[in-house]
Amino acid sequence: WGHDDQSFGFGSTGKKSHGNAFSAHGEAWGAGDTITCLLDADAGTISYLKNGQALGAAHTIPSWLRAVPLYPHVLTKDAAVTLNFAAPSNSAPLPEGF
């Protein structure tokens with residue numbers, strides 16, 4: 001979502017969002033693409049992969065937000081999604097540490 005200071009997003013336009021601020025991060029994605037979201041709680045970062053290719057760290061989680069639970073959320077329009085909260089056997093390898 002990314003529309004307030006407690007949420008983070010990565011939209012199909014290839015823009016990341018946080019605090020209602022949007023900026024380029026990677027490239028647009030759509031039907032047939034696989035987007036992976038990685039939370040590194042130790043480093044306090046959120047990163048994304050598109051079809052297994054790392055796009056780099058998109059967000060740094062503010063220190064005050066690191067001590068509260070984070071909940072995953074998917075917002076779609078006219079789309080079907082599949083969620084995996086672990087790496088499925090047919091997915092691209094995750095970066096070391098995940």
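Start by selecting Ile-61, which is buried, with a relative accessible area of 3%; buried means under 20% relative accessible area, exposed over 50% and partly exposed in between, using a 1.4 Å probe and protein chains only. Before you go on, note that this is a predicted model, where local features need pLDDT of at least 70, side-chain atom pairs count only at pLDDT 80 or more, and totals for chains, interfaces and linings use all residues. Residues are numbered from 1 along each chain as its sequence is written, and side-chain values use heavy atoms, with hydrogens and water left out.

**Stop 1: around Ile-61**

Ile-61 sits in the segment after strand 6. Strands here are DSSP runs of E with at least two residues, helices are runs of H or I with at least four, and both are numbered from the N terminus. Now show the contacts of Ile-61, where contact means heavy atoms within 4.5 Å. Not counting residues up to four places away in sequence, Ile-61 touches Phe-8, Leu-39, Gly-44, Thr-45, Ile-46, Arg-66 and Leu-70. Then draw a C-alpha to C-alpha distance from Ile-61 to Asp-5: the two are 56 residues apart in sequence and 9.7 Å apart in space.

**Stop 2: Thr-45**

From the contact list of Ile-61, pick Thr-45. Thr-45 belongs to strand 5, residues 45-50. Is Thr-45 buried or exposed? At 16% relative accessibility, Thr-45 counts as buried. Leaving aside neighbours within four places in sequence, Thr-45 is in contact with Leu-38, Leu-39, Asp-40, Ala-57, His-59, Thr-60 and Ile-61.

**Stop 3: Asp-40 and Phe-98**

Move on to Asp-40, one of the contacts of Thr-45. Asp-40 lies in strand 4 and is partly exposed, with a relative accessible area of 24%. Which residues does Asp-40 touch, not counting those up to four places away in sequence? They are Thr-45 and Phe-98. Add Phe-98 to your selection: from Asp-40 there are 58 residues along the sequence, and the C-alpha atoms are 8.0 Å apart in space.

**Stop 4: a salt bridge**

Next, select Glu-27 and Lys-50 together. Side chains of opposite charge can pair when their charged atoms come close. Here a salt bridge is a side-chain nitrogen of Lys or Arg within 4 Å of a carboxyl oxygen of Asp or Glu. By this rule the count comes to one salt bridge. Glu-27 forms a salt bridge with Lys-50, and their closest N and O atoms are 2.7 Å apart. Glu-27 is in the loop between strand 3 (21-24) and strand 4 (35-40), while Lys-50 is in strand 5, so the pair ties together parts that are 23 residues apart in sequence. Check the surroundings of Lys-50 too: at 11% relative accessibility, Lys-50 counts as buried.

**Stop 5: two backbone angles**

Turn to the backbone and select Asn-20, in the loop between strand 2 (15-18) and strand 3. Although Asn-20 is not a glycine, its phi is positive, at about 65 degrees. Asn-20 is partly exposed, with a relative accessible area of 47%.

Then go to Asp-78, in the segment after strand 6 (53-60). Asp-78 is not a glycine either, and has a positive phi of about 55 degrees. At 79% relative accessibility, Asp-78 counts as exposed.

**Stop 6: Ala-92**

Stay in the segment after strand 6 and select Ala-92. Ala-92 counts as partly exposed, at 36% relative accessibility. Draw one more C-alpha to C-alpha distance, this time to Trp-29: the pair is 63 residues apart in sequence and 17 Å apart in space.

**Last stop: the whole protein**

Finally, clear the selection and zoom out. How many helices and strands does the protein have? There are zero helices and six strands. The radius of gyration is 13 Å, close to the 13 Å that the globule rule gives for 98 residues, so the protein is as compact as a globular protein of that length. That radius is taken over C-alpha atoms, and the globule rule is 2.2 Å times the number of residues to the power 0.38. Along the principal axes, the C-alpha atoms fill a box of roughly 35 × 30 × 20 Å. Of the 98 residues, 20% count as buried. Residues 24 or more positions apart account for 26% of the contacts with a separation of 6 or more.
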